[in-house]
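User: Please take a close look at how one pair of helices packs in this model, and then set that contact beside what surrounds the ligand.

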Amino acid sequence: MLEKLIPAKADPILGLGKLFAADARENKIDLGVGVYKDADGKTPIMTAVKKAEVRLHAEQTSKSYKALAGDEVFRDEMRKLVLGDAVAADRVATLQAPGGTGALHQLFEAMKLLNPDATIWVSNPSWPSHVAMAKHLGFKTENYDYFDPATSGVDFNGLMVSLQGMQAGDMLVLHGCCHNPTGANLTANQWQSITDLVLEKNVMPLVDIAYQGFGDGLQEDAIYMRTMASRMPEMMVAASCSKNFGLYRDRVGCAMVIAKDADSATVTQGNLATLNRMNYSFAPDHGAALVAIILSDSELRAEWEAELEEMRLAMLTVREDLAEALRQQCNSDHFDFIKDHRGMFSRLGLSPEQVEMLRVDHGMYVVGDSRINVPGLSGGRVAPFAKAVSMVAN
Ligand code: PLP
């Protein structure tokens with residue numbers, strides 16, 4: 001039977017990583033995969049996470065199963081971290097999931113129960129798994145305009161025109177902050193207009209928040225999404241702890257479903273737990289247990305917040321330095337948008353040929369759509385990269 005399988009498409013970003021590893025040049029720079037890197041090019045374990053691991057090791061007395069929906073402290077702390085007090089706690093059903101990807105998967109599955117004929121609306125461009133997963137689960141998908149290459153900002157007119165095509169019962173996927181791959185983000189007013197439209201069209205919003213704390217701050221990054229949540233009778237949120245806790249491989253995420261009232265939330269909660277049972281039963285515990293320890297301990301939490309803030313500021317510094325270096329190198333303000341973008345990524349607006357030249361001629365590894373992983377430039381890598389960009393762009 002296996003002869004029916006056709007070779008799977010290689011992941012282009014992981015493929016880029018392999019090319020990078022095989023490149024013998026000493027001054028090569030990896031701006032591909034989306035992981036935070038410090039000045040030494042390392043992806044560190046946060047000190048609060050290390051301390052929580054020590055505590056977990058000392059205090060954990062059993063590895064027996066927990067609740068099917070996951071650890072209650074983790075889920076409640078995540079709800080507060082993401083939604084603040086925008087929505088009453090008894091209106092929110094929560095589910096521990098393996099990473100943000102697992103949370104998104106479970107929410108798409110929940111959507112299958114609500115409306116299997118829904119079209120899932122995804123920004124153009126977006127993180128590729130949005131469309132891939134929605135299609136894999138049998139949904140139709142549509143793109144909405146998002147990025148304006150002329151300004152490297154959001155094409156909000158285009159976005160609103162495309163979203164006029166949404167039908168009642170469809171789902172709209174929004175990035176909560178730090179848009180991947182562009183780095184261009186919606187303003188408060190734009191979030192309000194989208195919320196008006198979603199309410200008018202009777203569409204289910206699914207906010208994917210994978211970078212809370214990487215943009216303007218831990219609270220600031222959630223604020224627009226919270227305002228939307230406070231106005232919506234129903235909404236879904238997928239949160240990832242991969243980046244802001246540095247727990248990538250431990251697979252920690254939380255799916256949240258806001259229901260119109262407490263009764264509906266109770267029914268939803270039971271259905272979410274069943275979805276875990278149907279897919280993998282219990283979500284992995286270790287990373288979620290660490291997040292629960294950190295978020296519910298004031299000292300560890302303060303340490304985590306300070307470290308996260310340090311990471312955020314380091315990324316902002318790279319942005320400012322890169323914009324300035326490109327100003328100098330290119331003698332133009334063309335790349336100034338880099339300092340207005342937020343999060344781990346910026347789309348530079350280079351052609352595939354220019355991206356290829358960066359790799360072949362200069363050992364600079366950038367994703368084909370010219371997305372750069374901003375923290376990959378810390379530790380003195382801005383200047384050589386800006387020089388290389390100016391050489392291929394001119
Ligand atoms: N959503 C977006 C937009 C992402 O960029 C990512 C990771 O790159 C995720 C979700 C999920 O990440 P993870 O499954 O590693 O938590």
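Analyst: For two packed helices, angles over 145 degrees between N-to-C directions count as roughly antiparallel, and those under 35 degrees as roughly parallel. In this predicted model, helix α2, residues 47-59, packs against helix α11, residues 298-330, at an angle of about 150°, and their axes lie 8 Å apart. The two helices, α2 and α11, are therefore roughly antiparallel to each other. On the α2 side the contact is made by Thr47, Ala48, Lys51 and Ala52, while α11 contributes Leu300, Glu303, Trp304 and Glu307. Sorted by class, this contact of α2 with α11 comprises 4 nonpolar, 1 polar and 3 charged residues.

Turning to the ligand, its shell consists of 13 residues, and the closest of them are Gly99, Gly100, Thr101, Ser240 and Ser242. Helix α4, which spans residues 99-114, gives the most to this shell, with 3 residues. By class, the residues around the ligand divide into 3 nonpolar, 9 polar and 1 charged.

As for the wider setting, an unreviewed UniProt entry places the feature "domain: Aminotransferase class I/classII large" at residues 27-387. Within the model, that span is 46% helix and 15% strand, and its end C-alpha atoms lie 13 Å apart. With regard to confidence, the protein chain averages a pLDDT of 97, with 100% of the residues scoring at least 70, and the model as a whole scores ipTM 0.99 and pTM 0.97.

Technical notes:
Residues are numbered from 1 along each chain as its sequence is written. This is a predicted model: local features need pLDDT of at least 70, side-chain atom pairs count only at pLDDT 80 or more; totals for chains, interfaces and linings use all residues. UniProt positions are given in the numbering used here, feature names are shortened, and annotations may be inferred rather than shown by experiment. Helices (H or I, at least four residues) and strands (E, at least two) are DSSP runs, numbered from the N terminus. pLDDT is the predictor's confidence in each residue, from 0 to 100. Axes are lines fitted to C-alpha atoms, for helices over the stretch in contact, and angles run from 0 to 180 degrees between N-to-C directions. Angles under 35 degrees count as roughly parallel, over 145 as roughly antiparallel, 65 to 115 as roughly perpendicular and the rest as oblique. Two residues are in contact if their C-beta atoms, placed from the backbone, lie within 7 Å. Ala, Val, Leu, Ile, Met, Phe, Trp, Tyr, Cys and Pro count as nonpolar, Asp, Glu, Lys and Arg as charged, and the others, Gly among them, as polar. A residue is near a molecule or strand if its C-beta atom, placed from the backbone, lies within 6 Å of it.
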